[in-house]
Structure formats: structure tokens, C-alpha cells
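Visitor: I'd like to learn how to read strands and aromatic contacts in a model like this. Can you walk me through it?
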Amino acid sequence: MDIYLPIAETTVNLLLIVTLGAGIGFLAGLVGVGGGFLATPLLIFLGIPPAVAAASEANHILASSVSGAIAHSRRRAIDVRMALVLTAGGLAGSTLGVQLFVALLKIGQIDFVISLLYVVLLGGVGSLMLRESLAAMRLRRDGLAPPPPRARRSLAQKLPLRMRFAASRLYISVLPPLVIGFGVGVLAAILGVGGGFLLVPAMIYVLRMPTNVVIGTSLLQIIFVTGYTVLLQAWRTQTVDIILAGLLIIGGVVGAQIGARMGGRMPSEHLRAILGAIVLAVAAVMAWGLLGPRSELFSVTTTP
Amino acid sequence: MRRALAGLAVSLLTCAAVRAEPFAAAITQDVVEVTSRFTGATVTVFGAVNDQRSQTRAGNVDVVVAVASAPVTLTVRRQKRIAGFWFPADPVRFAGAPAFFSTLSARPLNEITDPGTQLRLGLDPADGTPWVVNQAAGGDVTQYRAALKRLKAADGLYVLDPHGVDFPRPGLFRARVVLPANAPTGVYRVEAFLFRNGRLVGRETSLLQVTKVGFERAVWRFAHERPLLYGLASILIALGAGLAAARMFNPR
């Protein structure tokens, strides 16, 4: 069953897109990432123009994050204050990101930059998460307690402008979360992702937030930043395809609920290991595309 | 028979540059509607040749049908390895190239007429001179032009079919133009050429409109004419869907 997308100006298989949305939504609920880092490349692969894929995917992530965040808020696993600080940085980052996106689109290098960023970011984050979570799983299996948190004060505690984050049991400077939010916002707008795959590890390893509030907080921040990105892309580039987003949303919201329920029953290091493995797999596929042998040495882009 | 076809053709056609021989052509529809079910379309161009000897391709009369969408700018880049990474470099711009074209005939173009005439009539726009190359990388555009034809042909957007025209009856020709799902919207130029012994003796031009209709058109116009409002609506739909799903799966 095929459907024509009015903004993307191409035809896609309806069931394929809904299924893709459900799979991405499942991940969103399970590990607190929007799944945009999987969906955007897949949509591009299906023939959707990169600009439309990124902007429409942001709208899809918005819906599945709302669905997931509500499930997490019922378990009181959200640090609202932290989410707002991250969002403040994120909105500024997203504004810059959309500008960069438009500029890269103009000089025809958006595809290359997206692929390169994916390989570098996903490769780094994925191996970090996988190594850490496997170490944690080994400790648990051997019946050992995890090593006590380092007594050394983190950077976040040394900087000025400290603020109390009750839900995370932290008293840290607002500067690191602002910078993290900004960086994720820039990348989110360029890559058409929510940025959860960067936020979750940053919150755990840099801000040292307790893992149980990380996912809900990440989802809340993603809601604000993707909502803003959608508005900006619709306004500046007219690349949000509401039909495409709608199909992804239908699958996504359902998948997110199922994922959130399963996520609540699994040990967090297992979740991190799953996420780490998926992230590494995507990075490997992207790296092969950039580094592997090619039979076609030319590419063509259309400007009206 | 001839008069009936010619009458129909006159109502649909706009001009005929060369009136050397009686020749008429028409399209089965002058509008292709792009709806949510659009998976491409087939438009038939048909017409009459006032020559009873034209029944086979062995004959000395040939009909060529050329369809092209509005011109755009196409940029071709060569992938270069930089520090191991494939990097799209050395752009060559082809300005005024059609985003879609389809040239149909009953035998290869080179058997019908000389390359100069083909070029002049734009029978194979990929070889045509109207394309202005703004930046030439290394001076050699041949490879780029070949790559452009290859890539667009792979997407079904550049079609050269030497078996695309047939003669169901003596004096009657028919050509099926296949528009793929990713064919651009806009006004297409449909031209039918009549050749006798390689010389152009008849030419008929008509216009074909490929346009979004109904809901698809409304969505597109909303997105382009009220972009800020469209963005807000998109966000509200996403928020509503997320809330509805959360409520549905976690009833209090």
C-alpha cells in the first residue's frame, strides 16, 4: 500500500513507514532515546530528501517523546529543573543548528557532514556505553558491589553558578548542563535527531545524575528542543512533511508505550548495553559508506 | 478517420512549427493529478501520419515523442578520497537541465536522424547544448555529463526508449510516457516530431500539467503559504498524538 508525500514529493510504502515508526518508538520508550539517529538515515535510504527526512523525523520524535515522558513522569523519574536548564542551552543550539543546516544544504555538503558526524559521534558514544555497561554487568554477575563513586569533585561542582537539582540529588554549576544542552541542540538540528543518544551518556558520565531520572529528563528536554526545531524548519525551510511525520507518529506512540513498560523491568546496564550496541552498529554501517569501496564515483543534487 | 483525429488534435495542441506534411498528435490527458495514491502515471501520446507507407519502422517515416519537465539546476560532484573518507568535491553545474525527460521512438535516434538535428531539437537533453556549465572541474565535462545521465536514468527520470513508439495501424502512432512516482510537479512540454528520411517535416507541441490536487495540494500550500502556522499545527498534532497514546495505554 503506497502513499504520496506532498512535501517530500515522493511515494512510500505506508506499512513500512508505520513499522519503522513503531520500532523507533519502542527504542524511545525502552532506553530514552528518540531513535532519530536510526530513522533519519533509513528515511534517506528510502528516497526521502535528507532535509525533509530530518525535519519530519524531528516532529515524530516530539510525539514519541511526549508519550514516553508521560509514562516516566508517572514513575516520578524526571528532573524538571535539569530538563529546563538543558533546554535553555538546547534552544540556542538548535537555532544555530538550523542555520548551519541551511548553509550546508546550499553548498551541497549536508549528506557528507551528516554521515561524518554520525560516524564520529555514534562510534565514540557507542563504544563508551558498551564498555561501561558490560563492566557493570560483569560486576553484578560476580556479586560484587559497583565501585564507590569517585570522591574527587567533578568539574560541575567546581564551576560557579551552582544550583540545587533535588530530583537528581545534585548541587552543581548550571554551566555544564547549559553547554551540553547547546551542543546537543546544534547536532539535533543538523542530524534530525532528538539527541538522546548524546544526552543520556552526558548526563550519566559528565553530570553524574542517577540513572533512574536520566531517561525521563532526557525525554522532557527532547520535547522542548524538537518542538522548537520543527517550528524553525517548517518556518525557514518548509521541509516538515506532516503526512510522513503522522505515519511515523502512529507507529511511534504505540511503540514508545510498550518500550517504556519493558524498560522499567530491566536493569539499567542492560539498557545501556543494548543502546550501545545499536549505536555502534549504525556507526559501522555509516563508516562503511564513507570509507568502503565505491562503484559510483559521482552524485547529483537538484536545485530549483 | 484522419479528419476525426486531426480535429481532436487541434483542440488539444497549441502550435505546429513545421507544416510541411499533414501530421497530428495529441495526448490522452492534459493534466496528471497527483493524489495520495500517486505511484506514477502513464500518459499516451497518439496521432496520425498522412502516409500509408509509414506502417513499419523499416519505412522512411519516423515519429519521435519527447517529453520534458521544467528546467532546474543539477549539480554533479565527483567523490574524492580525503584522508580515507569519500568526499563529494569538484562540482559541475548543469543549469537549465530538465528534472525529467522521456524521449520515445520506434528505433534508435541515431538511425532516425543525424546528431546535429538531435541536439538542435533537444531529443536527448542530456547531450543538449542549452545546458550551461558554470564551473568545470579540470575542464573535462564529458565524465560529468555521462554520470548525470547514468544517475538520473537509474532513478527513472531520464528515459531514452528506442521501442517506445509503435504503429498500431498504418498511419497511426502511439507512445506511452511513463511518469515515475518521483516525477516533479509542474508544466511539461510534450513534443511529437515527424521525420522523413532523417529530415524534420512535422512538429506538434502541447503542454501537460502534473499537479497536486485535493488534500495533497492543500497541505503543500499550507506549508508554503503559512509556514509558521503549519509548524505550530505540526507540533500540536505530535503533542496530541503523544498524549492520546499515553492515556490509551495507561488509563487511570
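Visitor: Let's start with one residue. Is Phe38(B) buried or exposed?

Guide: Buried means under 20% relative accessible area, exposed over 50%, and partly exposed in between, with a 1.4 Å probe on protein chains only. Phe38(B) has a relative accessible area of 5%, so it counts as buried. Keep in mind that this is a predicted model: local features need pLDDT of at least 70, side-chain atom pairs count only at pLDDT 80 or more, and totals for chains, interfaces and linings use all residues. Residues are numbered from 1 along each chain as its sequence is written, chains are lettered from A and ligands numbered from 1 in the order in which they are written, and side-chain values use heavy atoms, with hydrogens and water left out.

Visitor: Which ring forms an aromatic pair with Phe38(B)?

Guide: Rings of Phe, Tyr and Trp (its six-membered ring) pair if their centres lie within 6.5 Å; planes under 30 degrees apart are stacked, over 60 edge-to-face, the rest tilted. Over all chains, the search finds 8 aromatic pairs. In one of them, Tyr4(A) meets Phe38(B) edge-to-face, at 5.8 Å centre to centre and 85 degrees between the planes. Tyr4(A) lies in strand 1 (residues 2–5) of chain A and Phe38(B) in the loop between strand 2 and strand 3 (41–49) of chain B, so this pair joins two chains. Tyr4(A) is buried too, at 1%.

Visitor: And how many bridges join strand 12 to strand 13 in chain B?

Guide: Strands are DSSP runs of E, at least two residues, numbered from the N terminus, and two strands pair if DSSP finds at least two bridges between them. Strands of a sheet pair through backbone hydrogen bonds, either parallel or antiparallel. Here 11 bridges join strand 12 (residues 186–196) of chain B to strand 13 of chain B, and the two run antiparallel. Val190(B), for instance, has Ser206(B) as its bridge partner in strand 13. The two strands form a hairpin with 2 residues between them, and Asn197(B) in the turn has a positive phi of about 50 degrees.

Visitor: What about strand 2 of chain B: parallel or antiparallel to strand 13?

Guide: Parallel: 4 bridges join strand 2 (residues 31–34) of chain B to strand 13 of chain B. Val34(B) has Lys212(B) as its bridge partner there.

Visitor: Why is strand 13 of chain B largely enclosed?

Guide: Count its buried residues: 10 of the 14 in strand 13 (residues 199–212) of chain B are buried, so the rest of the structure largely encloses it.
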